[in-house]
Amino acid sequence: MTLVLGVPGWPGHLAGQHVDVRLTAADGYSTQRSYSLAAPDHGARVELTVQVVTDGEVSPFLARDLAVGDPVELRGPVGGWFVWRPGQPQRVLLLAGGSGVVPLMAMVRARHESGSAAPMHLVYSVRTPTDVFYAEELRQRADQDDGLRVTVVHTREAPAGAERAAHRLDAADLAALVWPEADDVLTFVCGPTAFVDAVSDALVSLGYDAGAIRTERYG
């Protein structure tokens, strides 16, 4: 579920940043969660994509119960390392696991909206074909945006006729997909902790500098 929030006085943000969302009940109880910004800066309009966690405290409410006009408190934007600026000329390698695609999608959208010519490759790992976030938009962007490549890999169920059998993204996969290590490649990895650790280790084994791999993780 993508929420579009009107935030008067929003100072603007960069693709890759996130916000803290705080909800307060009538009895005064409050709770807070962090969510990545799903789109580049659009002034006072802020987009968050929420994946429902079945036994979660916040995500089910945001996705199912929040009504138009209900108040939400935001703190942010937060983060200055895991960001991409359209003016940067380097090639951009994006590696996403599950809902970790959200801040990377903001980068894909920022590239499109800015007209950037920087080569960008999104490698997106999902369990099954039905788990792809922004599926139609990603297909459209890959078809229409010169220099953008989107590769979706599956860990549990591959689509019919797929050349790659379903399995977790590993060093052999990455060796065939990513650019050889070079100083002009910006690398962003986002997803569950186990995914981020495995992918980062695999990139290092391929010659990537560990200090140059920017990561965001959850779980």
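**Notebook: aromatic pairs, Glu47 and salt bridges**

I looked up Phe133 first and recorded it as buried, because its relative accessible area of 16% falls under the 20% cut-off. The model I am reading is a predicted one. I then turned to Tyr134 and recorded this residue as buried too, with a relative accessible area of 14%.

**Entry 1. Aromatic rings**

I asked how many aromatic pairs the structure holds. I found 2 of them. I noted that Phe82 and Phe188 form an edge-to-face pair, with 5.3 Å from centre to centre and 90 degrees between the planes. I located Phe82 in the loop between β5 (73-78) and β6 (91-97), and Phe188 in strand β9 (residues 185-192); the pair therefore ties together parts that are 106 residues apart in sequence. I checked the exposure of Phe82 and Phe188 and found both buried. I next read the pair of Phe133 and Tyr134: the ring centres are 6.1 Å apart and the planes stand at 75 degrees, so this pair is edge-to-face. The reasoning needs one cut-off, because planes over 60 degrees apart count as edge-to-face.

**Entry 2. Charges over rings**

I asked which residue lies over the face of Tyr134. I found Arg109 there, at 4.8 Å from the ring centre. I also recorded Arg214 over the face of Trp81, at 4.0 Å from the ring centre.

**Entry 3. The surroundings of Glu47**

I placed Glu47 in strand β4 (residues 45-49). Is Glu47 buried or exposed? I entered Glu47 as buried, because its relative accessible area is 12%. Setting aside neighbours within four places in sequence, I listed the contacts of Glu47 as Thr2, Leu3, Val4, Ser36, Leu37, Ala38, Ala39, His42 and Arg109. Arg109 in this list is the residue I had noted over the face of Tyr134. I recorded a polar contact of 2.9 Å between the side chains of Glu47 and Arg45. I also checked Glu47 against Gly6: the two are 41 residues apart in sequence, and their C-alpha atoms are 9.0 Å apart in space.

**Entry 4. Salt bridges**

I noted that the structure holds 10 salt bridges and followed up some of them.

I read the bridge between Arg22 and Glu73, where the closest N and O atoms are 2.9 Å apart. I found that it links distant parts of the chain, with Arg22 in strand β2 (residues 18-24) and Glu73 in strand β5, 51 residues apart. I entered Arg22 as partly exposed at 36% relative accessible area, and Glu73 as partly exposed at 38%.

I then read the bridge between Glu57 and Arg33, whose closest N and O atoms are 3.2 Å apart. I located Glu57 in the loop between β4 and α1 (59-65) and Arg33 in strand β3 (residues 30-36), so the pair ties together parts that are 24 residues apart in sequence. I recorded Glu57 as partly exposed at 41% relative accessibility, and Arg33 as partly exposed with a relative accessible area of 32%.

I turned next to Arg217 and Asp197, whose side chains meet in a salt bridge of 2.4 Å, N to O. I found Arg217 in strand β10 (residues 213-218) and Asp197 in helix α5 (residues 193-205); the pair therefore ties together parts that are 20 residues apart in sequence. I entered Arg217 as partly exposed at 42% relative accessibility, and Asp197 as partly exposed with a relative accessible area of 33%.

Terms used:
Residues numbered from 1 in each chain as written. Predicted model: local features only at pLDDT ≥ 70, side-chain atom pairs only at ≥ 80, totals over all residues. Heavy atoms only, no water. Helix = DSSP H or I, 4+ residues; strand = E, 2+ residues; numbered from the N terminus. Buried < 20%, exposed > 50% of the residue type's maximum accessible area, 1.4 Å probe, protein only. Contact = heavy atoms within 4.5 Å. Polar contact = N/O pair within 3.5 Å; in protein donor to acceptor, adjacent residues only side chain to side chain. Phe/Tyr/Trp six-rings, centres within 6.5 Å; stacked < 30°, edge-to-face > 60°. Lys NZ or Arg CZ within 6 Å of the ring centre and 35° of its normal. Salt bridge = Lys/Arg side-chain N within 4 Å of Asp/Glu carboxyl O.
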